[in-house]
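Please open the model in a viewer and keep the selection panel at hand. The tour below proceeds from one selection to the next.

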Amino acid sequence: MPTRPSRSSEMAAITSLGDTALRSASHPDTSLPETTLRDSASSLARGLSLLELFSVEDSQLSVSEMARRSGIPKSTTHRLVADLLAWGALERTPGGVRLGVRMFELGHLVPTQRSLRELAVPFAHNLNEVTGLTSNLAMRDGHDIVYVEKVSSRTLQVPHSRAGGRLPLHCTALGKAILAYSDPAFIESVLAGALRPRSPRSITDPQLLRRELAHVRETKVAYDVEESQLGLFCVAAPVFARRNTLVGAVSVTGATELTQAQRFAPAVRMTALALSRALDGVQQLHVRRRPA
């Protein structure tokens, strides 16, 4: 069995690569053919696209299946997978490959998510204890929310969400709480896009969603009643940091109707305010500014 390189040699290799990258950025190697540079960029993009194939439902894939889903030739897929295995982004399984531990390590180094989660975890646990419901913390990534933390209820399973998972902005309470306070141009880009339903009750009409976002700005609370998952409701409130910069949203999820969900709005709103005050003192959190 091949031995893993020592930590010192691994760090030396990383340092060497870093130095090379810095020299290249400051003094580009004009001797490299343009086609070579394009090919390198294309290989990187293809490798990243292979990593995007994995999901909760498809945590393990064969190389043949990866080639089929990505449209990348099988021989090229084999080469890219070998590179990703060598780097640690993937690891072998009896049935193919899955995401490697290196991806987990890098994910926990993302500064905004890490800082937000470290401060928010006690608030999420307290919200879970006070309401007896599943509490969630999320931030925006593109047109989706990404769950940063989830504290599950002992009595209710919420299968459609998980820490690290993502759902569309427009059909989740967390997403609507974030979207309502996003930049107006971004809001318009979401409304102009495809508002695909997650359930029969998802809002797919741009004008209806526009009115709902206006109501969220008035009440500081967003609701999702069976829009992301039939049988479940969610109530969320936006979270801000220094100088009213939007960082994400907190919520609780339960199995009741809107009238019941509204009972939990004060607890969610107060948790969001308390977390916002805690974040107000954070200097290094890179976030989006809340529009006036």
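## Helices H8 and H9

In this predicted model, begin by selecting H8 and H9, which pack at an angle of about 145° with their axes 10 Å apart. Their crossing is right-handed. To display the contact itself, show the side chains of Ile187, Glu188 and Leu191 in H8, which meet Pro206, Leu209, Arg210, Leu213 and Arg217 in H9. Sorted by class, this contact of H8 with H9 comprises five nonpolar, no polar and three charged residues.

Next, restrict the selection to H8, residues 184-191. Which residues of this helix are buried? They are Phe186, Ile187, Val190 and Leu191. Looking down the axis of H8, one finds its buried residues within an arc of 140°, so they line one face of the helix. Now add the elements that cover these buried residues: they include strand E3 (134-141), helix H7 (173-179) and helix H9 (206-219).

Before leaving H8, go to its start and select Asp183 and Ala185. A side-chain oxygen of Asp183 comes within 3.0 Å of the backbone nitrogen of Ala185.

## Helices H3 and H4

Move to helix H3 (residues 63-70) and helix H4 (residues 74-87). At what angle do their axes cross? The angle is roughly 120°, and the axes come within 9 Å. H3 passes H4 in a right-handed crossing. On the H3 side, select Val63, Ser64, Met66, Ala67 and Ser70; on the H4 side, select Lys74, Thr77, His78 and Val81, which together make the contact. Coloured by class, the residues of this contact of H3 with H4 divide into four nonpolar, four polar and one charged.

## Strand E8

Select strand E8, residues 245-254, and within it Ser251. Is Ser251 buried or exposed? Ser251 has a relative accessible area of 0%, which is under the 20% limit and therefore counts as buried. To see its surroundings, show the residues that Ser251 touches, leaving aside those up to four places away in sequence: Leu127, Thr134, Ser135, Asn136, Leu174, Cys234, Val235, Ala236 and Val268.

Stay in E8 and select Val247. Val247 is also buried, with a relative accessible area of 6%. Draw a C-alpha to C-alpha distance from Val247 to Ser276: the two are 8.9 Å apart in space and 29 residues apart in sequence.

## Helix H10

Now select helix H10, residues 258-261, where Ala261 is found. Ala261 is buried, its relative accessible area being 0%. Among residues beyond four places away in sequence, Ala261 touches Tyr223, Phe233, Val235 and Thr256. Val235 is already familiar from the previous stop, as one of the residues that Ser251 touches. A further pair to mark is Ala261 and Val225, which lie 36 residues apart in sequence yet 8.4 Å apart in space, C-alpha to C-alpha.

## The whole chain

Finally, clear the selection and display the entire protein. How many helices and strands does the protein have? There are eleven helices and nine strands. Of the 292 residues in the protein, 41% are buried. Among contacts between residues at least 6 apart in sequence, 58% join residues at least 24 apart.

Terms used:
Residues are numbered from 1 along each chain as its sequence is written. This is a predicted model: local features need pLDDT of at least 70, side-chain atom pairs count only at pLDDT 80 or more; totals for chains, interfaces and linings use all residues. Side-chain values use heavy atoms; hydrogens and water are left out. Helices (H or I, at least four residues) and strands (E, at least two) are DSSP runs, numbered from the N terminus. Buried means under 20% relative accessible area, exposed over 50%, partly exposed in between (1.4 Å probe, protein chains only). Contact means heavy atoms within 4.5 Å. Axes are lines fitted to C-alpha atoms, for helices over the stretch in contact, and angles run from 0 to 180 degrees between N-to-C directions. A crossing is left-handed if the near helix is turned anticlockwise from the far one by less than a right angle, and right-handed if clockwise. Ala, Val, Leu, Ile, Met, Phe, Trp, Tyr, Cys and Pro count as nonpolar, Asp, Glu, Lys and Arg as charged, and the others, Gly among them, as polar. The arc is that of the directions from the helix axis to the C-beta atoms. A polar contact is a pair of N or O atoms within 3.5 Å; within protein, one must be able to donate a hydrogen and the other to accept it, and residues adjacent in sequence count only if both atoms are side-chain atoms.
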